[in-house]
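User: I am new to this structure and would like a close look at a single part of it, with the terms explained along the way. Please take one residue as the starting point and work outwards from there.

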Amino acid sequence: MPLTRRWWQRLLPRSSFSQTVMLIGCLLLTNQLVSYISVAVYFIKPSYQQINQLIARQVKLLFVGGVDIGREHLTMVDALNAKVSDDTMHFYNQKQARQAGIERATYYSFLSSQMSEYLGGEAEVRIAQGEEFEIWIRPPQAPSIWIKVPLKGLNEKNLSPLTLYLMVIGALSVAGGWWFARQQNRPLRRLQKAAIAVSRGDYPKPLPLSGSTEIVEVTNTFNQMSHSMKQLEQDRALLMAGISHDLRTPLTRIRLASEMMVEEDQYLKDGIVNDIEDMDAIINQFISYIRQDQEGCRELAQINDLIQDVIQAESNREGKIDSELSECPPILMQDIAIKRVISNLVENAYRYGNGWVKISSQFNGQFVGFSVEDNGPGIKEEQIPKLFQPFTQGDTARGSVGSGLGLAIIKRIVDRHQGKVILTNRTEGGLHAQVWLPIE
């Protein structure tokens, strides 16, 4: 039983828009079926029965007193055709009836039963719809004869008022239901896009308050939440910028004071300078993390060009850097931000590796990617998901240099490009960082 439920759940629509349209469609279909059956039972069927009764009276009158076959008529068919001078009825034997299209006519049991009752014997009624609406009757007075009664003005190619009415009402109902569902779901879709933008660090303008009462309340609450988050981000950025600015002033003084130290304290001077450089690097990371790389707009850029720039900038460092670049199409990106991602990954590879770094680029049809590998000790598998959190560092095997913001900055930049970053350990030893960016 649970498997059946899951199977049906996969067939049912999931979105509110499709569910509303499906509900209206089901109600409309039920209404159309009930209307059609009601009209067929209470209007169309009695009309057919009345026509059938009138035809039965005419047929009965033909055989009153028998049919006189004179010398001028060879068969009963000829006599009957001569007896009816107008085109209201035509008489055929079995062979002529087949040639005239009796086999294309549809048998109607309720009309045959009614005709048999009126004519006092077993009769058969068939109806053919083509260029003309034709009723075929085989009377019990002459079972070898077929009578064709053409009814002019009835044609299957002409839409009946009932069919036309149902089609118009159905089309208007579907159009109205689609418009109603679209109007109800437009604020929800707008709210969804705004929520995705906020999750990426973009704060849109307040959304218009439209839709039902519940949607208006949710939209108003979202606007307040978005404003509060934007204010919080601004306060945090201002606080961090102030702290960074205030820290750099005493650091500059300390560095100037260290330059005045005597040569006997050179080892102490070098230690102070190294500490100041580390603190400057940490402050720069703070600023980069707060800034969220919102500067600049996205433009078409080639990922291989950015990789080449990074390789050229790192060419003077000790160690070996290899590259394996594939042909990749240009994509929309913030080239400065993506270049920072590559540089940070290369910096981590040099810092935690053993002097070997490899940069590669890939293209799989939907995503453009690049990877950075090193030959260091790697990271424990259970610690890899935690590395993207701010102020989180790897285990002691890879050291504890820096503030723990490098990978957090990388992930924020990649997330803003709707991409993904994956960290895995190499089988040969070391870490493999893979970044994928969508081409659209």
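Which residues is S112 in contact with, leaving aside its neighbours within four places in sequence?

Analyst: Once the neighbours within four places in sequence are left aside, S112 is in contact with Y107, A123, E124 and V125, where contact means heavy atoms within 4.5 Å. S112 itself lies in helix α5, residues 109-119; helices (H or I, at least four residues) and strands (E, at least two) are DSSP runs, numbered from the N terminus. S112 counts as buried because its relative accessible area is 3%, and the terms used here are buried for under 20% relative accessible area, exposed for over 50%, and partly exposed in between, with a 1.4 Å probe and protein chains only.

Before going further, it should be said that this is a predicted model, in which local features need pLDDT of at least 70 and side-chain atom pairs count only at pLDDT 80 or more, while totals for chains, interfaces and linings use all residues. Residues are numbered from 1 along each chain as its sequence is written, and side-chain values use heavy atoms, with hydrogens and water left out.

One of the contacts of S112, Y107, leads to a sheet. Y107 has R126 in β3 as its bridge partner, and β2 pairs with strand β3 (residues 124-129) in the antiparallel sense over two bridges; two strands pair if DSSP finds at least two bridges between them. The sheet is an open one of five strands in the order β1-β5-β4-β3-β2, with antiparallel pairing. Its edge strands are β1 (90-92) and β2 (106-107), each of which pairs on one side only.

From β3 the sheet can be followed to β4, since six bridges join these antiparallel strands. The two form a hairpin with three residues between them, and R126 stands opposite W136 in β4. Strand β4 (residues 133-138) is mostly covered, with five of its six residues buried. Five further bridges join β4 to strand β5 (residues 146-151), again running antiparallel, and in β5 the bridge partner of I135 is V149.

R126 also takes part in a salt bridge, its side chain meeting that of E124 at 2.7 Å, N to O; a salt bridge is a side-chain nitrogen of Lys or Arg within 4 Å of a carboxyl oxygen of Asp or Glu. E124 is among the residues in contact with S112. The two partners are covered to unlike degrees: E124 is buried because its relative accessible area is 11%, whereas R126 is partly exposed because its value is 22%.

A search of the whole structure finds 10 salt bridges, and others among them can be set beside this one. E373 forms a salt bridge with R426, the closest N and O atoms being 2.9 Å apart. That pair links distant parts of the chain, with E373 in strand β10 and R426 in the loop between β11 (420-425) and β12 (431-438), 53 residues apart. E373 is buried at 13% relative accessibility, and R426 is buried as well, with a relative accessible area of 17%. K411 forms a salt bridge with D415, where the closest N and O atoms are 2.9 Å apart; because these residues are four apart in helix α11 (residues 406-416), about one helical turn separates them. K411 is partly exposed at 29% relative accessibility, and D415 is partly exposed at 34%.

Another element gives a second picture of buried and exposed residues. The buried residues of helix α9 (residues 303-313) are I303, N304, L306, I307, V310 and I311. They lie on the same side of α9 because they cover an arc of only 160° around the axis, the arc being that of the directions from the helix axis to the C-beta atoms. On the other side of α9, Q312 and A313 are exposed. What covers the buried residues of α9 includes β7 (320-324), α10 (335-352) and β9 (356-363).

As a wider setting for S112, the protein chain has 11 helices and 12 strands, and buried residues make up 33% of its 440 residues. Of the contacts in the chain with a separation of 6 or more, 60% come from residues 24 or more positions apart.
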